[in-house]
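Open the model in your viewer and keep the selection panel at hand. The stops below are meant to be taken in order.

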Amino acid sequence: MDNQNKHSFNIKFEKKSHSLDVETYVKSLTALNTMVKEVNYQTNSTSGEVEIRVIAEKPGSFDVLLEIANIVKDNGDLFFAGVSALAAVVSTVVAVIELKMHLGDKTGEENSGIDIRGDTVNIKDSNGNIVFQTNKKTYNIYLNNQTINDAVSAQFQAVKDDEEIEAVTYHNGNNVVTIKKEAFDTLAKRRTVLVEDSKTSTVPATLVISKLVLDNRNRKWQFVYQGNKINATIADDAFWDRVLSGEEAFANGDRLVCDLEIIRDYDDSLGVYMDRDYIVRNIRDHQKRVAYEQLEL
C-alpha cells in the first residue's frame, strides 16, 4: 500500500478523559466508514474504491487519526486521482453531517431556509443570513441517500450515548468542523428518505440479512429494509462470484450496502402504487453484524 494515494484526517471526541466506551468507538467509526465509502461511490469519484484505516490515537481528548487510501487491485492498476479526490470525499461526508445539523429532517419546499442558485446551495437562518453553503451534489446525497442518512444517525446515536462527550471535531487538512453536544439529538434522529411513487425506483440502501439462499441465485433472500421485512433477488454477478469462490461468509444480521430496485404496480382500488418486487444490485460493502448489537425491527 506504500505506493497508493492516501489522505489523513482526524475525528476527535471532545471529553475530559482520554478513554472512550468500546461500543461508542466501534459504532461511530463503523458509521463513518460507511459514509466515506458510500459518498465515494455516489460521487463517482476518480479515486476509485477506497478503504479507511485507524492509524493512531493521540493523548488528550480521544483524538483518532484515520487514513483513506485507494485500494490497489491484484492486477497492479493504480488510481492516479491524487489525494485531492480523497480529501474531497471526506469534505463531502462532513458537509452532509453539517446539512443535517442545520436542516434536521426538513428539506426542499418544507424548509424556506434552502436557497438553490445554480450549483450552490445556501442554508439560511430565520433572518435570511447564510449559515452554511455547499453544492448540489452534496445536497442531493443528503436529500436522497438512505444509507448516508442512516450512517449519520448511527454515528451520533453512538456519540450521544456517551454523556461525557461534549463535541465531535473533524480535521480534514486545513478544514476544521466541530459539532457541539446540543446538535447530537438532531443528528441522531433517523431521517427517512421518501421514494417518489413510480413503477420502478432504484435507491441506495442498507439491507439487514434475515434469511439467505446460497444454492440458487434466482431465489429470494429475506432482508429488513426501513424496519420492514422484504424478499429480494440479488442481481450482482461480482457478488455471486465471491459467494461461489467462498470469499463471502454470512450470518443473520449482516448488512449489505447496495442499490435496491423497487418495482411497483398501481392499485386501482386504493389509487396508489404498491411495492411488488425488489432486486438488489451493486453490492459495494458487506458489514458483519457486531455481536452485541440489537437489531431494530
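Is Asn 10 buried or exposed? The model is a predicted one. Select Asn 10, which is found in strand S1, residues 6–14. Its relative accessibility is 11%, so Asn 10 counts as buried, the cut-off for buried being under 20%. Now add Asp 63 to the selection: the side chains of Asn 10 and Asp 63 are joined by a polar contact of 3.2 Å.

Next, go to helix H6, residues 237–244. Begin at its start, where Asp 236 has a side-chain oxygen that reaches to within 3.2 Å of the backbone nitrogen of Ala 238. Then show the side chains of Phe 239, Trp 240 and Val 243, the buried residues of H6. Why do these three lie on the same side of the helix? Around the axis they cover an arc of only 95°, which puts them on the same side of H6.

To see what the buried residues of H6 pack against, display strand S10 (221–225), strand S11 (228–234), strand S12 (255–267) and strand S13 (272–287). Before leaving the helix, select Gly 246, which follows H6 and has a positive phi, near 85°.

The next stops are aromatic rings. The structure holds nine aromatic pairs. For one of them, select Phe 156 and Phe 184: the ring centres are 5.8 Å apart and the planes stand at 50°, so this pair is tilted. Phe 156 belongs to helix H4 (residues 146–161) and Phe 184 to helix H5 (residues 184–188), so the pair ties together parts that are 28 residues apart in sequence. Phe 156 and Phe 184 are both buried.

Now select Trp 221 together with Trp 240. How far apart are the ring centres of Trp 221 and Trp 240? The distance is 6.2 Å, and with the planes at 85° the pair is edge-to-face. Since Trp 221 lies in strand S10 and Trp 240 in helix H6, the pair ties together parts that are 19 residues apart in sequence. Trp 221 and Trp 240 are buried. Widen the selection to Trp 221, Phe 223, Phe 239, Trp 240 and Phe 250, and you have one aromatic cluster. Two residues of this cluster, Phe 239 and Trp 240, are among the buried residues of H6 seen earlier.

For the last stop, select Tyr 142 and Arg 191. Arg 191 lies over the face of Tyr 142, at 4.6 Å from the ring centre.

Notes. Residues are numbered from 1 along each chain as its sequence is written. This is a predicted model: local features need pLDDT of at least 70, side-chain atom pairs count only at pLDDT 80 or more; totals for chains, interfaces and linings use all residues. Side-chain values use heavy atoms; hydrogens and water are left out. Helices (H or I, at least four residues) and strands (E, at least two) are DSSP runs, numbered from the N terminus. Buried means under 20% relative accessible area, exposed over 50%, partly exposed in between (1.4 Å probe, protein chains only). A polar contact is a pair of N or O atoms within 3.5 Å; within protein, one must be able to donate a hydrogen and the other to accept it, and residues adjacent in sequence count only if both atoms are side-chain atoms. The arc is that of the directions from the helix axis to the C-beta atoms. Contact means heavy atoms within 4.5 Å. Rings of Phe, Tyr and Trp (its six-membered ring) pair if their centres lie within 6.5 Å; planes under 30 degrees apart count as stacked, over 60 as edge-to-face and the rest as tilted. A charge sits over a ring if NZ of Lys or CZ of Arg is within 6 Å of the ring centre and within 35 degrees of the ring normal.
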